[in-house]
Amino acid sequence: MGSADSKLNFRKAVIQLTTKTQPVEATDDAFWDQFWADSATSVQDVFALVPAAEIRAVREESPSNLATLCYKAVEKLVQGAESGCHSEKEKQIVLNCSRLLTRVLPYIFEDPDWRGFFWSTVPGAGRGEGEEDDENARPLAESLLLAIADLLFCPDFTVQSHRRGTVDLAEDMHSLDSCEYIWEAGVGFAHSPQPNYIHDMNRTELLKLLLTCFSEAMYLPPAPDSGSINPWVQFFCSTENRHALPLFTSLLNTVCAYDPVGYGIPYNHLLFSDYREPLVEEAAQVLIVTLDHDSAASASPTVDGTTTGTAMDDVDQPPGPENLFVNYLSRIHREEDFQFILKGIARLLSNPLLQTYLPNSTKKIQFHQELLVLFWKLCDFNKKFLFFVLKSSDVLDILVPILYFLNDARADQSRVGLMHIGVFILLLLSGERNFGVRLNKPYSVRVPMDIPVFTGTHADLLIVVFHKIITSGHHRLQPLFDCLLTIVVNVSPYLKSLSMVAANKLLHLLEAFSTTWFLFSAAQNHHLVFFLLEVFNNIIQYQFDGNSNLVYAIIRKRSVFHQLANLPTDSPAIHKALQRRRKAPEPLSRTSSQEGTSMEGSRPAAPAEPGTLKTSLVATPGIDKLTEKSQVSEDGTLRSLEPAPPQSPADGSPAEEEPSQTWREQRRPSSASASGQWNPTSEWVLSWKAKLPLQTIMRLLQVLVPQVEKICIDKGLTDESEILRFLQHGTLVGLLPVPHPILIRKYQANSGTAMWFRTYMWGVIYLRNVDPPVWYDTDVKLFEIQRV
């Protein structure tokens, strides 16, 4: 039968279903088989031939028929899993049922009355031949999930058969050890099976159905307690699923082993269509959803040492979480496994950058956001992995692509989520001393980026990109300024030598943030000045030798520090500063930072095309909730400085110079501030002005400025190089105040970020699944779909 005929028959069946007012018996196979038995419909056909309006109509008008359709389709998948799908006909039935369920499930989830349907048992659907009681029947959701898991390791359907004999000798599905059928070499598995186009496509279809099952989370509004567990993920990642380990390993290895370049031959992808990429994307999305686990709310995921001889072995630690995927991820510990994962993620994240050297030479992948979430989960759940990443300069292969994405997305409102996750990852890394040390490696890779040309280290690259984000990103990035500067503070004690370009950028930020208008116009703005002063103090106290460029820049801009020391605190001056703003331009848009020419071959960061779809995100916690303060001891170990819950001072002002939860709206100067919602007082300015850490810089200026001026007068110099040479050989030993202890603000897991990651991740998955558009135009609740 031709495909046109089968489409027609399928469409006829759909019309019959929507027009029948009476319930159709579950035993009426002649009717139900029309949906899957003889049709050769693609998933795109199913979406076209089963319109949303008709699914909703059946749901409202003949609910029992929709229930029977779901039940029968699940039954077919269960039968396929039991039999092992030996015939082509059985394989076709499984794929058709899979596509049909992918189409229908979102409409079940969007209606709260139907939400319990898959978790109920269907009467008369006991697994035995009428022998067993219905008590033994599993909820439909469990039968469906177990069938999908079995089908993902089905010889000659989704994995290579190991038998050489005829069909009668085919492997028995029940005794099959799926650990021998892992899809790809890598963690815990050495054998790389022969690539098979058909198997990859079948896996992709089943994973799409699995992801659709998990997507019930999209239809629940974001809950403040992120403890709401997704029952589909919970069951699938439990010991009930005997394939949990091989499937976790298959997904991880498939993603990390993927090489979109096409076997190292440039332009190869133009000759061969890549059927692996859809599988890798689907695997990455399923993986991050199964790892959606609030580590703050549970015991930290560790090790249980019950399995033997796997890559997850390690016997010293207590049992980890019940989600086996999180458990396995947290227990990977072999160096070669870490190397494989890190190299794979770095290769894929760098892929969009390669494009810019030889345009079109490699296939451009689109799933970098999923990879960033995966990298975050690895670092958050597996501390050994985090330490491995920072142990060598390989961490820079992750840093450079992240900085590239941050710089590229800074003007695009539809990519604000990408900006956040990039910054969160850098915040997490910056809490470790090794990250700061690694940044001293010279930056020689010339990825074309829309930033000034400089010669220097990876630290310079980071500062130049952060400056660009702060001065030329869109306004919705303002909540990230604290995070960006916290990262710079965290790495500053270890930066051996900043370039002149980076030094000037830091001083330009100080200049912009210390205008009286900016300091007084919102309750938290002065924190940015505190962060920058802390950066300068750390470098002067711990890395003075080697940082003559920064010292020179501080001397040249010394008036900024004197203005801060003499900041007016009387009411008329405060009022006048706020008035002046209405005529003056935004302090940050000033281009007084001598923008050099941008790198050759770079394109300016572009705003989103009008009409681009984006999904809303929940607010992220303030920096005080995101991080925990620690002090670095003499021997390099960290000591937490978090006090017991503070008693708030009587005047209600924050006790610490740390941004509080209310900063979100206040940071952005709005007309509201003019109408008197925010009213800065003399007492308020005095309360923090007294704490500005200016002593070290003032002492430095006191000692060096007269000496530099003397050189200039003596030699009639206007030449920078002579002054720099003098500063390079100068010393302030014994002249500066006693060095302050180094303070690090380390990221700490909290339910606010767990909820942010959940909304971000599902938003990405919603927007990226357009062919077929699994969730479009359904009533999702976790986020709003907005147009730029």
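Select strand S2, residues 627-632, in this predicted model. Of its 6 residues, 5 are buried, so S2 is largely enclosed by the rest of the structure. Here, buried means under 20% relative accessible area, exposed over 50%, and partly exposed in between, with a 1.4 Å probe and protein chains only. Strands (E, at least two residues) and helices (H or I, at least four) are DSSP runs, numbered from the N terminus. Residue numbers start from 1 along each chain as its sequence is written. Local features need pLDDT of at least 70 and side-chain atom pairs count only at pLDDT 80 or more, while totals for chains, interfaces and linings use all residues; side-chain values use heavy atoms, with hydrogens and water left out.

**The sheet around S2**

Next, add strand S4, residues 742-747, which pairs with S2 in the antiparallel sense over 6 bridges. Two strands are taken to pair if DSSP finds at least two bridges between them. Strands of a sheet pair through backbone hydrogen bonds, either parallel or antiparallel. To see one bridge, select Val-632 and its partner in S4, Ile-742.

Now add strand S3, residues 638-640, which runs antiparallel to S2 and is joined to it by 3 bridges. Val-632 also has a bridge partner in S3, namely Leu-638, and Ser-630 stands opposite Ser-640 of S3. S2 and S3 form a hairpin with 5 residues between them. In the turn, select Gly-636, whose phi is positive, at about 90°.

With these strands displayed, the open sheet of 3 strands can be read in the order S3-S2-S4, with antiparallel pairing. S3 and S4 stand at the edges with a single partner strand each, so one side of each has no neighbour in the sheet. From one strand to the next, the twist averages 40°.

**Two helices packed against H33**

Turn to helix H33, residues 751-768, and select helix H14, residues 368-381, with it. Two packed helices are described by the angle between their axes and the distance between the axes. For H14 and H33 the angle is about 155°, and the axes are 10 Å apart. Axes are lines fitted to C-alpha atoms, for helices over the stretch in contact, and angles run from 0 to 180 degrees between N-to-C directions. H14 and H33 are therefore roughly antiparallel, a term for angles over 145 degrees.

Show the side chains of Gln-369, Glu-370, Val-373 and Trp-376 in H14, which meet Phe-757, Tyr-760, Val-764 and Arg-768 in H33. Contact means heavy atoms within 4.5 Å.

Finally, select helix H11, residues 276-290, which also packs with H33 at an angle of about 155°, with the axes 11 Å apart. This makes H11 roughly antiparallel to H33. Glu-281, Gln-285, Ile-288 and Val-289 in H11 meet Met-761, Trp-762, Ile-765 and Arg-768 in H33. Arg-768 of H33 thus appears in the contacts with H14 and with H11.

**The whole chain**

Display the entire protein chain, which has 33 helices and 5 strands. Buried residues make up 56% of its 788 residues. Among contacts with a separation of 6 or more, 79% are between residues 24 or more positions apart.

Terms used. Angles under 35 degrees count as roughly parallel, over 145 as roughly antiparallel, 65 to 115 as roughly perpendicular and the rest as oblique.
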